[in-house]
Structure formats: structure tokens, C-alpha cells
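Biologist: Hey, got a minute to walk me through this one? I'd like to go piece by piece.

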Amino acid sequence: MGVIALDRLEVRLGGRTVLNGLTGELRGHAVGLLGPNGAGKSTLINTLLGFHEPTGGSAKVLGLDARTDRMRIRQSVGYMPENDSFIGNMSGVRFVRYMAELSGLPPSAALERAHEALFYVGLGEVRYRKISTYSLGMKQLIKLAQALAHGPKLLILDEPTNGLDPTARQRMVQLIKEIRKEGSMHMLISSHLLRDIDETCDEVLILKKGNIAAISNIEEERRSHRNFIEMEMTGNTEAFAEKMQTLGCECARFAGGRVKVVMPDALSQRDLYMTAAETGAEIRRIQTRRDSLEDIFLRAMEYDGVQARPAHEQAFVGGGKG
Amino acid sequence: MSVFEHDYKPYEGPTTALWKRPLVLARYGLSEAWGSKITIGLVVLALLPCVVDLVLMYLANNPVAKMLVVGGSKVLEVNERFFFSAMEVQCWLALVLAAWIAPRLVSFDLGDNALPILLSHPVSRFGYVLGKFIALVLSLSYVTWVPLLLLFLYQCYGSPVPWTFGHLQIAFGLFAGAAVWILVLSLICLAVSSWVKWRVIATGAIFAVVFVPAGIGGMVSAILRTRWGFLMNVPVLMSELWIRLLGMAPFGDPRLQFSSTAIFSVLIAVALLSVLVLNARIRAREVVRG
């Protein structure tokens, strides 16, 4: 069973369809939620938490229906919202204890877990200070602490590195990695920073205009593209791409003469130069690299349809512009 | 998790029942409300009239003291009228206390945008409002029906003649009248507080919501030459209700004597309107828009 299962999920808000028949199953331990502004990321999170009622289809979180089991879902989920959301008049430890008690922990256990969670995220020394005096990074961390305190099975982090300086961002990313490594809870991380998702997640769900643009297992994706080559070319790149495809390569062309090629083991870089010479194209720059999340994201943004296929089938499906 | 090891451990202990979660909100709400010295000061002030009432009851029930202080006057007779006055004073002081406490219960949550994080826990909108409502009703109880019933008990104890069984309706009236008032008042105060983000303005708005319609109602009655405009006058309606609940004979302006049905209809309408406002405001703020 997946952590999150969507079945033709449709959500309409104010007469506008925000999520348009999402179908897919997320099984990863840390799932990244990507998409441009207005793609429906926050709406999806709010729907999973039961704040928005699906107008069609269904969404299941940890096997629980988001429409009928919202209290049980919230019991099992820790949520770190994107924006500032706390009670500034409270001390850090009191706030986290309050949230833990709301999640069902008895008062004494909630207090104990609040102290532990605050030390865990690195706010142990400032836990008796009022939250209103915290810096932006501390405020992000206290939101993480309250989401962790009750020991959720799924942690939903909405833009966890938003507004953090590089050091604080690194600290947050490290914490997320530690939580993932510990393995007792799943994570859904929404971010517009591809690098954050790349570093912390093993699966990614990409939304575009309320549709699923791609569901991809990042690890499998990387493993499947060991011979991934990126080139900057001039000349007849279209003919070059067509020729390479006849040789058994997967080939995609991007703006600015960028061409990406996944070659079968039987071919070598020498074949690239020979083909370029034959087709009237010139290779100006060439580098071997692994497929990045950016590539997956950019490809997903170029498609209008849904891409929810296994990673080994997904690479360069449709060939980008090529 | 462990403070010393700094690692994460899942929680495997017991959890409380879902229905108890609003009580967590109520407990923290009470703590927030009573954490202010101004709240303590207001409660002490609100209880001072009860001390005066207590002294008057002592004088009324002690023939020697009564003779010495007021002679043979009937001014100090402890009856329905005496308790009506006490109730009026306590209930209007409760308005002052509610106008101070209610914004503290709600405005902190709204000011720091805490609702998305609060309601992401297993608490519904109804549970949230119920928790705050319980905190406010309990706070107001300390200055309304609790001291009033204690005064009644003192009178039962202090009266030299059998008094209790002939005046049980007073006890019922004190409890029911104060309960109706603090229930309606709590809903009004929470609704206004949810609408206004700043505490000081919310406090002012609560007084305005109670008294401005009374003025408008008076104008409507004067212009249209009807008595129904006075239905917007909550103080008048409550006084009328208290008189009936205490079993007193009607007195005052007969134009202001409405049927119990009319009075309860207005109070229920006010309560429902408050609930609608609360629901709309909390729903609008439970998720971060944009």
C-alpha cells in the first residue's frame, strides 16, 4: 500500500478546478512535491489534511480516506506549514507541548516529547524563550519540532527551507535526511527548490496546472541513466538527434542547442562525433553527467499529458523537443 | 527521541480520546486568560459587589445589626428584587470580563496565524470553538452564577426564619439567568474576537456589538412608533428575562415587556449569527491562502 494514493482526485475551489483528476500512488520514503506556482501543491496538501473536500475521486493517506477519516489522518500526520504559524506569546516548549497534547499525548508525555523534539531540532537552549523573539530559522525549526513531537507516521513539510540562510538551510536539509534515515516515518516535502528535493527525496510528484506531470522514482531514474551525456551543439541538431535515435539512443533537444543523449552500452563517445560529422552538426561542448531532478522537472513541464510511469520507461519518453 | 542522544524515536505511548482534545484547548485557553494580571484584577473587582451583598445580607438577617444600622427600614429585605439587582450587577461585570478575556483567547491565534497549525492536529473547527467557548464560559462562571448561588446559600443559612423552600425559584433563576447570559455573551465575544485581529479593538467592538444595536433599536422604535425596535436592546431583553426567571412581578416600562418567545427568539438568533460568523472566520483562516 502506498503512503498516498490518489484516485481521480478532483478539487474545485471558488468555481475553479484546482486539482484535475489526479491519479497515482506514492510509495517512497521521502516524496518530493514539485510544481510551479499555482500548480496545486498546497491544495493537494490541504486536501490530504482534510481542509478541502474533494469534489470528485478520492485521496488516501496511510490507507485512510481524506474525506471520511480526516481526524485519524491528522492524528498520524505531522504538518509543518509554509508560512509563519505559531503562537508568538508562548515559549517554545509550551507551544510544542500544546501541539503534542492536541495530537493526543497525555500532558506529561507531551512535555517530555516537547523537550526532546526541541533538542532534536537544535532549539534546546532557547526553548524557554517566547517564539515571537525567535529568528526566522528558529521559527522554521519550531514548526518542525511541533510536527515531530507526537511521533507521526507521515511528516508533511511545506517549503521547509523557505527564507533560510545557507547555514540554516543546510541544517534543515540535514535534519530531514536524518529523519529519513531513521526510517520510522514517511515524508512529503513540498518545495520549489529542486536542490532540496534532490538532496532529501527518493520519489517525486510533479504537478502542473492541477495535473500530475510526472511521478518519478529519483533513485531509479539516476541508476537508469549512467551513460547520460549532455552536449552543446550548433548546426543541424535535428538530423543529429534523428540519426542517434536510429542507432538506439534516447535523445532529447532543448533550447540553446542543448542535446541530451542516453546511449546503449554498445556505443561510445566516438560515435557521437562521427554522427555529428555525418549530419552536419558541431559539438561545442560535451560532458557526462547523471540525470538531475532538474531534467526530470523540465521534461515534465514540457508535457501536457500525464507522465506516471516507471523510471526506466520514463526517461526521454516523447523525446522532449527532439 | 532523547535529549542527550539527540536522535529521533517514534512515540509509542498511549493517546487520549478524540473527544478530549477540545478540553486541551480549553485548558490552555484558561491558562492564557488567567495568566494576565488584568484578568485577576477584573475578577477581584467583579467580586467586590458580592462582598457588599454579603454584608447587606448579614445586616438583613441580624436583627440587632439591622436595628443599629438602618433602623426598622425595609430597604434591607433579601428577596427576589435583591437577587435581581445582584444578578444585574454581576452579569454586566461579566461583560467587562468577557470583553477582556475573549480577545486573548482568539486574537493570539489569529494574530500569529496559528489556526493552520492548530487545526492540522486532530481538532475540528467545532472542537476549536468549543474549547475556547468552555474556557470563556468557565471564566465568566466565576463572577456570575457561582458567587450568586453562594449568596443564595448564605441567605439560606443566615435567614432566621425558614426561607429556602419558599424561594427555590430564586436559585433556579440565578443559575438559569446567568447561564443564558454567559452562553450568549461568550458566543458574541468569540465571534467578534475572531473578526477583529487586534485585541484592544476587539474589546471595544464587543461593547459596541452589545450596546450599539440597543441605540439603533431605540431609534427604530421612536421613528416607526413601534415597541419592536427594543428587541435589539439586549440589556433590556436580559433584564426582562431575569425578572421572569426569578419569579418577580413585572415592573418598569410596559412597552419593554416582551413575551418569553420573542426574547428567546432574539437570543437564539444572536447565538446562531455568532456561530455562523465564527464558522466563516475560522474556515477562512484554517488554511494559508495564496
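Modeller: Sure, let's go from chain A to the contact between the chains and then to a helix in chain B. Keep in mind that this is a predicted model.

Biologist: Okay, chain A then. How many helices and strands does chain A have?

Modeller: Chain A comes out with 12 helices and 14 strands. Its C-alpha atoms fill a box of roughly 75 × 45 × 30 Å along the principal axes.

Biologist: And what share of chain A counts as buried?

Modeller: That's 48% of the 322 residues. If you take contacts in chain A between residues at least 6 apart in sequence, 69% of them join residues at least 24 apart.

Biologist: Switching topic: how many residues does each chain put into the contact?

Modeller: Chain A puts in 39 residues and chain B puts in 30 residues.

Biologist: Which helix of chain A gives the most to the side that touches chain B?

Modeller: That's α4(A), with 7 residues. Other helices of chain A supply at least two residues each, including α2 (70-76), α5 (136-148) and α6 (166-182).

Biologist: What kinds of residues are on that side of chain A?

Modeller: The split is 19 nonpolar, 13 polar and 7 charged.

Biologist: Now chain B. How long is α1(B)?

Modeller: α1(B) has 14 residues and reaches 20 Å from its first C-alpha to its last, which is close to the 20 Å expected at 1.5 Å a residue.

Biologist: Which residues of α1(B) are buried?

Modeller: Quite a list: Arg21(B), Pro22(B), Val24(B), Leu25(B), Ala26(B), Tyr28(B), Gly29(B), Glu32(B) and Ala33(B).

Biologist: What covers them?

Modeller: The cover includes α3 (92-102) of chain A, along with α2 (37-61), α4 and α6 (125-141) of chain B.

Biologist: Let's stay with α4(B). How do the axes of α1(B) and α4(B) sit?

Modeller: The axes of α1 (residues 21-34) and α4 (residues 80-111) of chain B come within 9 Å and cross at roughly 120°. So α1(B) counts as oblique to α4(B).

Biologist: Is the crossing left-handed or right-handed?

Modeller: Right-handed, as α1(B) passes α4(B).

Biologist: Which residues meet there?

Modeller: From α1(B) you have Gly29(B), Glu32(B) and Ala33(B), and they meet Ile101(B), Arg104(B), Leu105(B) and Phe108(B) in α4(B). By class, this contact has 4 nonpolar, 1 polar and 2 charged residues.

Biologist: Have we met those α1(B) residues already?

Modeller: Yep, Gly29(B), Glu32(B) and Ala33(B) are among the buried residues of α1(B).

Definitions and conventions
Residues are numbered from 1 along each chain as its sequence is written. Chains are lettered from A and ligands numbered from 1 in the order in which they are written. This is a predicted model: local features need pLDDT of at least 70, side-chain atom pairs count only at pLDDT 80 or more; totals for chains, interfaces and linings use all residues. Axes are lines fitted to C-alpha atoms, for helices over the stretch in contact, and angles run from 0 to 180 degrees between N-to-C directions. Helices (H or I, at least four residues) and strands (E, at least two) are DSSP runs, numbered from the N terminus. Angles under 35 degrees count as roughly parallel, over 145 as roughly antiparallel, 65 to 115 as roughly perpendicular and the rest as oblique. A crossing is left-handed if the near helix is turned anticlockwise from the far one by less than a right angle, and right-handed if clockwise. Two residues are in contact if their C-beta atoms, placed from the backbone, lie within 7 Å. Ala, Val, Leu, Ile, Met, Phe, Trp, Tyr, Cys and Pro count as nonpolar, Asp, Glu, Lys and Arg as charged, and the others, Gly among them, as polar. The expected span of a helix is 1.5 Å times one less than its number of residues. A residue is buried if 20 or more other C-beta atoms lie within 10 Å of its own, exposed if 12 or fewer, and partly exposed in between; C-beta atoms are placed from the backbone.
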